[in-house]
Amino acid sequence: MTDGTASRRIGMPAPGPDRDTEFLKDVLDGLGQAVKALPAKHFYDQRGSRLFDRICELEEYYPTRTETAILARYAGDIAGKAGRGVTLLELGSGSSVKVRLLLDVLDEPAAYIPVDISGAHLEASAARLAADYPEISVKPIHADYTRPFPLAVKGGAERTLAFFPGSTIGNFSPEEARAFLARLGRQLGGGGRLLIGVDLKKDIGRLEAAYNDAAGVTAAFNLNLLERINRELDGTFDLAAFAHRAFYDRDLGRIEMHLESLKPQTVLVAGAPFRFQAGETIHTEVSHKYTVEEFRDLAADAGWRADETWTDGDHLFSVHLLTFRAPPVRLRRGSDA
Ligand SMILES: C[S@@+](CC[C@H](N)C(=O)[O-])C[C@H]1O[C@@H](n2cnc3c(N)ncnc32)[C@H](O)[C@@H]1O
């Protein structure tokens, strides 16, 4: 049941009459920098969420089917370790598809709390899930998980299992990921658990193909950010004058996505002009890749003990079950956002 409660919009300033003020501020700030960049979280309006679902079905996009296969294979082990009556908290729940593999086998879960920034998509996904699992209390929270949001969990930290699939952790820099995991651990408390999907380092051809699909769905997802600016912030982006670019930076261990201006041009956003040179890009996303050891070290620095790691036979993707140990947490000064 959704308990008849509409999801709450938490951690974000109230929008103006027509505009999401945080989106406007981020766009004006991001396009005003010498190296233009926009936060990836703004990809996810309703259309962006739907395009992401289509990416998940692409032949080239191995992460979704690989993570799903790992979860399907080891769901029984995970449920055994999670124990009885856990509250399942999913961060960036999207369409709440993978979580069904866990809900099918968990021993009398107390509740499912999906958290997502994409409000309408979250509502629709939570309603579908609640209809399919009438015995489970479903309590969606519309929030930006990079900011504090109130979380009431019955049974304490030991009875809480956070779930962060999709390698969404890769959208943070390693420093941001460490700070995010430390904060999540403090929010859950010592003994809280996290089941997290992390994409692994692999050959560049395979990585770059996953972000440059032949059908152009990832390009449409990337360009939707400009369409969203046009729709919501009175933007004047000519979509035909920008091109999707995605490549792997081996030194930084990450995929970068950009939108490249194909000609010199000036674009208006909410009346403010932004000048683009031909070939200049807007950096829209990073997707960091880790080895199993690199990720376990990062999680340990944030206070999490690795209980178990599962991978597929081709070593494409990893799923880690972690437990928060609480202090001491070794964070670099200034990295705890
Ligand atoms: C890469 S998708 C993963 C979706 C799904 N969990 C999966 O594994 O297929 C990232 C999800 O996180 C959500 N998201 C991204 N940034 C967010 C933020 N700062 N706060 C809350 N949700 C966010 C997006 O709306 C999207 O549903």
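**View 1. Gln277 in a loop between two strands.** In this predicted model, Gln277 sits in the loop that runs from β11 (272-276) to β12 (281-288). Look at how much of Gln277 can be reached from outside: its relative accessibility is 47%, so it counts as partly exposed. Now find Glu260 as well. Gln277 and Glu260 are 17 residues apart along the chain, and their C-alpha atoms are separated by 9.5 Å.

**View 2. Glu22 and Arg147, a pair from distant parts of the chain.** Side chains of opposite charge can pair when their charged atoms come close. Here Glu22 and Arg147 form a salt bridge, with 2.9 Å between the closest N and O atoms. The two partners are 125 residues apart, and the bridge links distant parts of the chain. Glu22 belongs to helix α1 (residues 21-32), while Arg147 lies in the loop between β5 (141-143) and β6 (160-164). Is each partner buried or exposed, or something in between? Glu22 has a relative accessible area of 7%, so it is buried. Arg147 has a relative accessible area of 31%, so it is partly exposed.

**View 3. Arg147 with another partner, Asp144.** Stay with Arg147 and look for the side chain of Asp144: the two meet in a salt bridge, at 4.0 Å from N to O. Asp144 is buried, because its relative accessible area is 3%. Asp144 is also worth remembering for the ligand view, since this residue is among those that come nearest to the ligand.

**View 4. Glu256 and Arg254, and a network elsewhere.** Glu256 pairs with Arg254 in a salt bridge whose closest N and O atoms are 2.8 Å apart. How accessible are the two residues, Glu256 and Arg254? With a relative accessible area of 9%, Glu256 is buried, and Arg254, at 16% relative accessibility, counts as buried too. A separate group to trace is the network of Glu22, Lys41, Asp144 and Arg147, which are joined by salt bridges that share partners. In total, the structure holds 21 salt bridges.

**View 5. The ligand and the residues around it.** Which residues come nearest to the ligand? They are Gly92, Lys98, Asp116, Asp144 and Tyr145, out of 17 residues around the ligand. The shell is a mixture, with six nonpolar, six polar and five charged residues. Both domain 1 (18-53 + 215-288) and domain 2 (62-202 + 290-324) take part, each giving at least three residues to the shell.

**View 6. Polar atoms facing the ligand.** Begin at Gly92, where a polar backbone atom is 2.7 Å from a nitrogen atom of the ligand. Next, find Asp116: an N or O atom in its side chain is 2.5 Å from an oxygen atom of the ligand. At Gly166, the distance from a backbone N or O atom to an oxygen atom of the ligand is 3.4 Å. How much of the ligand does the protein cover? On its own the ligand has 590 Å² of accessible area, and the protein covers 92% of that.

**View 7. Glu108 and Ser167, two residues with positive phi.** Most residues other than glycine have a negative phi. Glu108 has a positive one, near 45°, and so does Ser167, with phi near 55°. Glu108 is in the loop between α4 (99-103) and β3 (111-116). Ser167 is in the loop between β6 and α6 (174-188). Which of them is buried, and which is exposed? Glu108 counts as exposed because its relative accessibility is 53%, whereas Ser167 is buried, with a relative accessible area of 5%.

**View 8. Lys289 and its polar contacts.** Lys289 is in the loop between β12 and α9 (292-301). Is this residue, Lys289, buried or exposed? Its relative accessible area is 2%, so Lys289 is buried. Follow the Lys289 side chain to find its contacts. One polar contact goes to the side chain of Asp199, at 2.8 Å. Another goes to the side chain of Tyr211, at 2.7 Å.

Definitions and conventions. Residues are numbered from 1 along each chain as its sequence is written. This is a predicted model: local features need pLDDT of at least 70, side-chain atom pairs count only at pLDDT 80 or more; totals for chains, interfaces and linings use all residues. Side-chain values use heavy atoms; hydrogens and water are left out. Helices (H or I, at least four residues) and strands (E, at least two) are DSSP runs, numbered from the N terminus. Buried means under 20% relative accessible area, exposed over 50%, partly exposed in between (1.4 Å probe, protein chains only). A residue is near a molecule or strand if one of its heavy atoms lies within 4 Å of it. A polar contact is a pair of N or O atoms within 3.5 Å; within protein, one must be able to donate a hydrogen and the other to accept it, and residues adjacent in sequence count only if both atoms are side-chain atoms. Accessible areas come from the Shrake-Rupley method with a 1.4 Å probe; for residues, only the protein chains shown count as cover. Ala, Val, Leu, Ile, Met, Phe, Trp, Tyr, Cys and Pro count as nonpolar, Asp, Glu, Lys and Arg as charged, and the others, Gly among them, as polar. Domain bounds come from an automatic or database domain assignment.
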